[in-house]
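Subject: A structure for you to look at

Hi,

I promised to send you a structure to practise on, and here it comes. Please open it alongside this email and follow along as you read.

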Amino acid sequence: MSNCWWLNPCKAIDAQAVEQAAARQQQLTKPAGSLGRLESIAVQLAGLQGRVKPSLNQLWIAIFAGDHGVVAEGVSAFPQEVTGQMLHNFVNGGAAISVLARQLGAQLEVVDLGTVNSSLKLPGVRHLNIAAGTQNFVNAPAMTQAQGELALQAGRDSVRRALAAGAELFIGGEMGIGNTTAASAVACALLDCPVAHLVGPGTGLNDAGVNHKAQVIERALALHGAQRGDVLQTLFNLGGFEIAALVGAYLACAQEGVAVLVDGFICSVAALVAVRLNPPSREWLLFGHRGAEPGHRHVLETLKAEPLLDLGLRLGEGSGAALAVPLLRLACELHGQMATFAEAAVADRPA
């Protein structure tokens, strides 16, 4: 067993920056509260960044990829080779997140934790080759303790590279055919929720496909049920390498003091695992959007998360979080650049 770094204390929010940013909001040339959630977001980011005027110029987007043994059960509308093919697409600039990263001026990192094609050697991709995908979790744990810890560490390592690059916001994304099945299984185990409430079509299953996927998850939950109370073991039994990497990244961000913008269903399940493992990490998480996958709403409600957007997205890759970045940036610009009543010589509201 390693040193359990994921249980280390999270960085404290800067209460003074929060107080000063909230006071600044009261002095800006607008009715108090008139910018709604944009005001509270700016104040929250001030506390996370430790400065009265937060900024989001330096963005780091990390895409974690891994294959899933449970695909052998016929739970995906796409073949497993797509995971590796999409790695090509990410680094060649053709994927949705590649376009969004360019438009946002973000640094995009692609980390292959372990795909079925372990001979992949793509320029611009970090190939870690933990294993050629996870095991089929209806027969065995998805990963060993050692493999799971390597995946957690991969997320932490990405955060350290983000810090070295001066990142002010971390976005994690994922790619892995079959990973909505893994995320749904983890969520069902942690929320003790009926499978039918959480399981959805993923990348395009029909009703029969969704029912089959639910039955596969029921089998996995029955096999690993004795360890449901152990959050980390549940992740290793039912999750994926990329999900574990996201968990590691979110916890490292909270420990190192980097604000996180969480993407869709799979990333939100990783956030749920992170918060269950180390509850104070919740303060470092903002949520980009509510996706179309039915389980996403349940996970967000459990985390008391109010996402910024609701656009019916179900792409993954970090795309929904990236789409929310302009809102966060504008919240910061309004907070930092609007004049105060005194600066604008505008009469303040009466006391």
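Two strands count as a pair if DSSP finds at least two bridges between them. The strands themselves (E, at least two residues) and the helices (H or I, at least four) are DSSP runs numbered from the N terminus. With that in hand, look at Ile171 in β4: its bridge partner in β5 is Leu261.

Some housekeeping first. This is a predicted model, in which local features need pLDDT of at least 70 and side-chain atom pairs count only at pLDDT 80 or more, while totals for chains, interfaces and linings use all residues. Residues are numbered from 1 along each chain as its sequence is written, and side-chain values use heavy atoms, with hydrogens and water left out.

**The sheet**

Strands of a sheet pair through backbone hydrogen bonds, either parallel or antiparallel. Here six strands form an open sheet in the order β3-β2-β1-β4-β5-β6, and the pairing is parallel. β3 and β6 (285-287) stand at the edges with a single partner strand each, so one side of each has no neighbour in the sheet. On average, neighbouring strands are turned by 25° against each other, direction ignored. (Axes are lines fitted to C-alpha atoms, for helices over the stretch in contact, and angles run from 0 to 180 degrees between N-to-C directions.)

Now walk along the pairs. β1 (residues 59-66) and β2 (residues 107-114) are parallel and share seven bridges, with Ile61 opposite Leu108 of β2. On to β3 (residues 125-127): three bridges join this strand to β2. Val110 has Val125 as its bridge partner there, and Val111 stands opposite Arg126.

In the other direction, β1 pairs with β4 over seven bridges, again in the parallel sense. Ile61 turns up here too, with Ile171 as its bridge partner in β4. Two bridges then join β4 to β5 (residues 260-262).

How well covered are these strands? Buried means under 20% relative accessible area, exposed means over 50%, and partly exposed is in between (1.4 Å probe, protein chains only). In β2, six of eight residues are buried; in β4, seven of seven are. Leu169, Ile171, Gly173 and Met175 point one way from β4, while Phe170, Gly172 and Glu174 point the other way.

Which residues does Gly173 touch? Contact means heavy atoms within 4.5 Å. Leaving aside neighbours within four places in sequence, Gly173 is in contact with Ala62, Ile63, Phe64, Leu246, Cys267, Glu317 and Gly318. Gly173 is buried, with a relative accessible area of 0%. Val247 is 74 residues from Gly173 in sequence and 11 Å away in space, C-alpha to C-alpha.

**The helices**

One helix that lies across the sheet is α5, which spans β1, β2, β3 and β4 (169-175) and runs at about 160° to β1.

Two packed helices are described by the angle between their axes and the distance between the axes. Angles under 35 degrees count as roughly parallel, over 145 as roughly antiparallel, 65 to 115 as roughly perpendicular and the rest as oblique.

Start with α5 (residues 145-164) and α9 (residues 231-238): their axes come within 10 Å and cross at roughly 100°. These two helices are therefore roughly perpendicular to each other. Gln145, Gly148, Glu149 and Leu152 of α5 meet Leu232, Gln233, Leu235 and Phe236 of α9.

Next, α10 (residues 241-256) and α11 cross at roughly 55°, with axes coming within 8 Å. They are therefore oblique to each other. The crossing is right-handed; that is, the near helix is turned clockwise from the far one by less than a right angle, whereas anticlockwise would be left-handed. What classes of residue make up this contact? Twelve are nonpolar, with no polar and no charged ones. (Ala, Val, Leu, Ile, Met, Phe, Trp, Tyr, Cys and Pro count as nonpolar, Asp, Glu, Lys and Arg as charged, and the others, Gly among them, as polar.)

Finally, α6 (residues 179-191) packs on α11 (residues 265-277) at an angle of about 35°, their axes 9 Å apart. α6 passes α11 in a left-handed crossing. This contact has ten nonpolar, three polar and one charged residues.

Enjoy exploring, and write back with any questions!

Best wishes
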